[in-house]
Amino acid sequence: MFEFLATAAFGLEGMAKSELLALGMPAKAESGGARFEGSIEDAFKANLHLRTADRVQMILAERKTMSFEELFQLVRDIPWEEYLPRDAKFPVSGHCARSQLMSVSDCQAITKKAIVERLKGHYGQEWFDETGNEYAVQVVLHTDVARITINTSGDALNRRGYRTWNGEAPLRETLAAAMVDLSPWRGDTMLHDPCCGTGTILIEAAFKQAQRAPGLTRAFAMETWQLGDKGKYRDIRREAEAAFDTRLIGSISGSDKDPAALELCRRHIRQAGLEGRIIVTEKDLRTLKIEGERVCFITNPPYGERLNDRKTAEKVYRDLGLLQQRHTQSRMCALTAHQGFERFYGKKASKKRRLYNGRLECEYLFF
Ligand SMILES: C[S@@+](CC[C@H](N)C(=O)[O-])C[C@H]1O[C@@H](n2cnc3c(N)ncnc32)[C@H](O)[C@@H]1O
């Protein structure tokens, strides 16, 4: 059994915990993520299935640490030889907050030195070329407690493998997945994103409905490690593959006025294996009319952060309000960083939740 931390963005820790519970892994939410105990295969399962978490970190040591000497000892006492083979690549990253030890670069250097010291004794060599697989170590000091972890995920879990980078900062997949989970949409009504852009909300909703593990087509750092049973990983992946069924997807659609964004959106849908399951059309939301009774709009309209864009964004909010009025049976869920959203929308939200889009504080509003 090991201890793990599924790191999650501020505001999403409780969701990561609920997801772990649903996977059968008792977890506790804490600032920065959800903590759970389990086997190395459990960590693999978490990497494959978690929709709202950023990474799964394996916790190797955690203790109150007030000096560099104490940090050195803490790290040197970890049996690194059980994790790291002779050729392991072990970059060390760091983070310090509200602690006696606040120099990130010193904490990183000391951690690295202590690992090398330990490995020297075990492998009987002075120098490590680090030409092998990666075991990314992290040293975090928070309120004088040092936590040493290795990253089992590799790339952050929001990288599902379907996105083609387009230079702009799109909505993070983990945040889009959280927006879908927090919305009143339960799959029995239509879901439509009237500002769908590159399609993140639509794809994450379809993944959920199709029981598609978000990490199904990507690899994780831990798959290259000596630790863990590769056969078991293969079985877990096969089970996830078998559960994925696009026929479970109901009515999910999107529209946007920008043809370039839609082109990318269609490519993402194809790359996510969802071709023909999500309908997207070029349409200005001012003239959008969805046929059918009940519809749940989930959207991430422009924020208008730059002064020039502000007026345009405010018009979009007003038009979203009018869109809901045209659809009397609809619900609207909108993520915005604009404090005056409700004023332009023309109505007070019935519920709100604070979320972060990267570092940007946003409100997720429900109408
Ligand atoms: C913040 S982006 C949405 C990003 C999207 N969630 C994604 O994953 O890529 C806002 C989108 O709203 C669209 N938009 C702005 N005004 C619009 C309007 N009047 N009608 C339709 N789409 C509009 C923009 O073209 C842009 O793609």
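These legends go with close-up views of a predicted model.

**View A. The shell around the ligand.** Let's start with the ligand, which is surrounded by 20 residues. The closest are C195, G197, T198, T200 and D258. In character, this shell is made up of 10 nonpolar, four polar and six charged residues. If you look for helices here, find helix 6 (200-209) and helix 9 (307-326), since each gives the shell at least two residues.

**View B. An open sheet that runs from strand 2 to strand 5.** Here you can follow seven strands in the order 2-3-1-4-7-6-5, with mixed pairing. Strand 2 (27-30) and strand 5 (92-97) are the edge strands, and each of them pairs on one side only. Between neighbours in this sheet, the strands are turned by 30° on average, direction ignored.

**View C. Strands 6 and 7 side by side.** Zooming in on this sheet, you will see strand 6 (residues 137-142) paired with strand 7 (residues 145-151). The two are antiparallel, and six bridges link them. To find your place, look for V137, whose bridge partner in strand 7 is I150.

**View D. Two helices packed on this sheet.** Helix 1 (residues 13-22) packs on the sheet and touches strand 1 (2-7), strand 2 and strand 3 (33-38). The direction of helix 1 makes about 175° with that of strand 2. Helix 4 (residues 104-123) also packs on the sheet, with contacts to strand 5, strand 6 and strand 7. Against the direction of strand 5, that of helix 4 makes about 135°.

**View E. An open sheet that runs from strand 10 to strand 13.** This view shows seven strands in the order 10-9-8-11-12-14-13, and the pairing is again mixed. At the edges you will find strand 10 (278-282) and strand 13 (351-357), each pairing on one side only. Neighbouring strands in this sheet are turned by 20° against each other on average, direction ignored.

**View F. Strands 13 and 14 up close.** Strand 13 and strand 14 (residues 360-366) run antiparallel, joined by seven bridges. A handy pair to pick out is Y356 and its bridge partner in strand 14, E361.

**View G. Helices 6 and 8 against the strands.** Helix 6 lies across strand 8 (190-193), strand 9 (252-256), strand 10 and strand 11 (295-299). Helix 6 runs at about 175° to strand 9. Helix 8 (residues 259-271) packs on the sheet as well, touching strand 9 and strand 10. The direction of helix 8 makes about 165° with that of strand 10. You have already met helix 6 in the first view, where it supplies at least two residues of the shell around the ligand.

Key
Residues are numbered from 1 along each chain as its sequence is written. This is a predicted model: local features need pLDDT of at least 70, side-chain atom pairs count only at pLDDT 80 or more; totals for chains, interfaces and linings use all residues. A residue is near a molecule or strand if its C-beta atom, placed from the backbone, lies within 6 Å of it. Helices (H or I, at least four residues) and strands (E, at least two) are DSSP runs, numbered from the N terminus. Ala, Val, Leu, Ile, Met, Phe, Trp, Tyr, Cys and Pro count as nonpolar, Asp, Glu, Lys and Arg as charged, and the others, Gly among them, as polar. Two strands pair if DSSP finds at least two bridges between them. Axes are lines fitted to C-alpha atoms, for helices over the stretch in contact, and angles run from 0 to 180 degrees between N-to-C directions. Two residues are in contact if their C-beta atoms, placed from the backbone, lie within 7 Å.
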